[in-house]
Amino acid sequence: MYRQVTDQIMHAIAEGSLAPGTKLPSIRETARMLRLSPITVKRAYSDLEHGGYIITRPGLGSFVAGVSRLALREQKIEEVKRELARTLRTAKAFGVSLTRVRRLVNDLWPH
């Protein structure tokens, strides 16, 4: 679950809906809004801080860091590449043709 929170915040930063300097809701507020454990949200915030995406100031809260949207996009591309490689290995192992994989991708691509 913490990974979903992390991905949602990173996505919002990448698309520009969370600009640098934007104050994030507190861990407790986020946990309440998402109906998650504060421990889960704390881990997500901690990962985001470790990755340089947010800055936490004691007593003030957590804020979006001055992250390069291009760097964030490149990181996501690498993540997609790893996931696709794993999926393609599985497809090949089960005899799914490249043509069928391409059709699946086209069918699943958001329009």
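Leaving aside neighbours within four places in sequence, which residues is Pro20 in contact with? The first view takes up this question, and the others move on through the predicted model.

**View 1. Pro20 in the loop between H1 and H2.**
Setting aside neighbours within four places in sequence, Pro20 is in contact with Val64, Ala65 and Gly66. Pro20 counts as exposed, since its relative accessibility is 57%. Tyr53 is a useful landmark here: 33 residues separate Pro20 from Tyr53 along the chain, and their C-alpha atoms are separated by 9.1 Å.

**View 2. Val64, a buried residue of strand E2.**
Here we look at one of the partners of Pro20, namely Val64. Strand E2 covers residues 61-64 and includes Val64. With a relative accessible area of 4%, Val64 is buried, whereas Pro20, at 57% relative accessibility, is exposed. If residues up to four places away in sequence are not counted, Val64 touches Ile13, Leu18, Ala19, Pro20, Gly21, Thr22, Leu24, Tyr53 and Ile54. For a sense of scale, try His11: Val64 and His11 are 53 residues apart in sequence, and their C-alpha atoms are 12 Å apart in space.

**View 3. Helix H1 packed with helix H3.**
Two packed helices are described by the angle between their axes and the distance between the axes. For H1 (residues 2-15) and H3, the axes come within 8 Å and cross at roughly 45°. The two helices are therefore oblique to each other, and H1 passes H3 in a right-handed crossing. On the H1 side, the contact is made by Tyr2, Val5, Thr6, Ile9 and Met10. On the H3 side, look for Thr40, Arg43, Ala44, Tyr45, Asp47 and Leu48. Sorted by class, the contact of H1 with H3 has seven nonpolar, two polar and two charged residues.

**View 4. Helix H1 and helix H4.**
Helix H1 also appears in this view, this time with helix H4 (residues 69-93). Their axes come within 9 Å and cross at roughly 135°. H1 and H4 are therefore oblique to each other, and their crossing is left-handed. Arg3, Asp7, Met10, Ile13, Ala14 and Glu15 in H1 meet Arg69, Leu72, Gln75, Lys76 and Glu79 in H4. In this contact of H1 with H4, four residues are nonpolar, one is polar and six are charged. Met10 may look familiar: besides meeting H4, Met10 takes part in the contact of H1 with H3. Ile13 links back to View 2, as Ile13 is one of the residues that Val64 touches.

**View 5. Helix H2 and helix H3.**
H2 spans residues 27-34 and H3 spans residues 38-50. The two helices pack at an angle of about 120°, with their axes 8 Å apart. That angle makes H2 oblique to H3. H2 passes H3 in a right-handed crossing. From H2, Ile27, Arg28, Thr30 and Ala31 meet Pro38, Val41, Lys42 and Tyr45 in H3. The residues of this contact of H2 with H3 divide into five nonpolar, one polar and two charged. Tyr45 is worth finding in both views of H3: Tyr45 meets H2 here, and Tyr45 is also part of the contact of H1 with H3.

**View 6. Arg35 in the loop between H2 and H3.**
Where along the chain does Arg35 lie? Arg35 sits in the loop between H2 and H3. Most residues other than glycine have a negative phi. Phi of Arg35, though, is near 55°, a positive value in a residue other than glycine. Arg35 counts as exposed, because its relative accessibility is 79%.

**View 7. The chain as a whole, for orientation.**
Stepping back, the chain has five helices and two strands, which follow the pattern α-α-α-β-β-α-α along the sequence. The radius of gyration of the chain is 18 Å, well over the 13 Å that the globule rule gives for 111 residues, so the chain is more spread out than a compact globule. Along the principal axes, the C-alpha atoms fill a box of roughly 55 × 30 × 25 Å. Buried residues make up 23% of the 111 residues, and Val64 from View 2 is buried. Of the contacts in the chain with a separation of 6 or more, 53% come from residues 24 or more positions apart.

Terms used. Residues numbered from 1 in each chain as written. Predicted model: local features only at pLDDT ≥ 70, side-chain atom pairs only at ≥ 80, totals over all residues. Heavy atoms only, no water. Axes fitted to C-alpha atoms, helices over the stretch in contact; angles between N-to-C directions. Helix = DSSP H or I, 4+ residues; strand = E, 2+ residues; numbered from the N terminus. Parallel < 35°, antiparallel > 145°, perpendicular 65-115°, else oblique. Left-handed = near helix turned anticlockwise from the far one by under 90°. Contact = heavy atoms within 4.5 Å. Nonpolar A, V, L, I, M, F, W, Y, C, P; charged D, E, K, R; others polar. Rg over C-alpha atoms; globule rule 2.2 N^0.38 Å. Buried < 20%, exposed > 50% of the residue type's maximum accessible area, 1.4 Å probe, protein only.
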